[in-house]
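I am opening these notes for a reader who has not met this structure before. My plan is to go from the whole chain to single side chains, and to write down what I looked up at each step.

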Amino acid sequence: MQDAATTSGTVQPEPQGGGFPPFKAETFPSQLFWLTITFGFLFIVLWRFAGPRIRSVLEERRGKIRDELKTAEQHRRSAETASAAYQAPLVEARERARAISEETRQQLYREVERAKTEADSEANDETAKAQARLAELQAQAKRNIADVAQGAVVDIVHRLTGETISAEEAAAAVRNAVHG
């Protein structure tokens, strides 16, 4: 919406008394006076009341920080002491565990060697028994073969010639054929 004065074509003159007061030269002395009084008042208030309170707060914080640092140092020392107290039994326990492990390993090694020696001894005994049994079976087999061969010689001679030979003659013939 436009103003009625501007629509009629007449221009309104600007008011002459306006402007930003701090920029007016005629108000400078009073502005400086009140600025000095205000600055002085704020300086006195800060110097007398706020300054000591700020200093006391800073001192209190410094004291608290010092106390906290002392407490932290004490806690660090106690933590180091506790860590050392914790580490000593831990190292001792590891050493005992290593010693027990080594002892167990040696004991198991001795048991394995003993079991191996026993097994070798048993195997040798069984091998000797088996070889003796095998030798006995071979001897028995040779006797059986000789007996069968003797019987076969007697039977073959009887079938081929019709004669009957004695068992001693058949045994001598088999011996001569085996060794000869």
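**Entry 1: the whole chain.** I began with the secondary structure and found 3 helices and 0 strands in the protein chain, which, read from the N terminus on, gives the order α-α-α. I note here that the model is predicted, and I keep that in mind for everything below.

I then looked up how much of the protein chain is covered, and buried residues make up 4% of its 180 residues. The accessible surface comes to about 16000 Å², and 61% of that area belongs to carbon and sulfur atoms.

**Entry 2: aromatic rings.** How many aromatic pairs does the count come to? I noted 3 aromatic pairs. One of them joins Phe33 and Trp34 in an edge-to-face arrangement, with 5.2 Å from centre to centre and 75° between the planes. I also looked up the accessibility of both residues: Phe33 is partly exposed at a relative accessible area of 47%, while Trp34, at 53%, counts as exposed.

Next I turned to Phe39 and Phe43, whose rings form a stacked pair, 6.5 Å centre to centre with 25° between the planes. Why is this pair called stacked rather than tilted? The label follows from the angle, because planes under 30 degrees apart count as stacked, and here the angle is 25°. Both residues lie in helix H2, which covers residues 28-161, and they are 4 residues apart, about one turn of the helix. Phe39 has a relative accessibility of 58% and therefore counts as exposed, since the limit for that word is over 50%.

I then checked what else belongs to this group, and I found that Phe39, Phe43 and Trp47 form one aromatic cluster. Trp47 has a charged partner as well, for the charged end of Arg48 sits over its ring, 4.9 Å from the ring centre.

**Entry 3: salt bridges.** A search of the whole structure gave me 9 salt bridges, and I wrote out three of them, beginning with Glu73 and Arg77, whose closest N and O atoms are 3.6 Å apart. These two residues are 4 residues apart in helix H2, so about one helical turn separates them. Glu73 is partly exposed at 27% relative accessibility, and Arg77 is also partly exposed, at 48%.

The second one I wrote out is between Arg76 and Glu80, where the closest N and O atoms are 2.4 Å apart. Arg76 and Glu80 both lie in helix H2, 4 residues apart, again about one turn of the helix. For Arg76 I found a relative accessibility of 37%, which counts as partly exposed, and for Glu80 a relative accessible area of 44%, partly exposed too.

The third one is formed by the side chains of Arg133 and Glu136, at 3.7 Å from N to O. In this case the partners are 3 residues apart in helix H2, and about one helical turn lies between them. Arg133 counts as partly exposed at 45% relative accessibility, and Glu136 does as well at 46%.

Which residues are joined into one network by salt bridges that share partners? I found Glu73, Arg76, Arg77 and Glu80 in it.

Methods
Residues are numbered from 1 along each chain as its sequence is written. This is a predicted model: local features need pLDDT of at least 70, side-chain atom pairs count only at pLDDT 80 or more; totals for chains, interfaces and linings use all residues. Side-chain values use heavy atoms; hydrogens and water are left out. Buried means under 20% relative accessible area, exposed over 50%, partly exposed in between (1.4 Å probe, protein chains only). Accessible areas come from the Shrake-Rupley method with a 1.4 Å probe; for residues, only the protein chains shown count as cover. Rings of Phe, Tyr and Trp (its six-membered ring) pair if their centres lie within 6.5 Å; planes under 30 degrees apart count as stacked, over 60 as edge-to-face and the rest as tilted. A charge sits over a ring if NZ of Lys or CZ of Arg is within 6 Å of the ring centre and within 35 degrees of the ring normal. A salt bridge is a side-chain nitrogen of Lys or Arg within 4 Å of a carboxyl oxygen of Asp or Glu.
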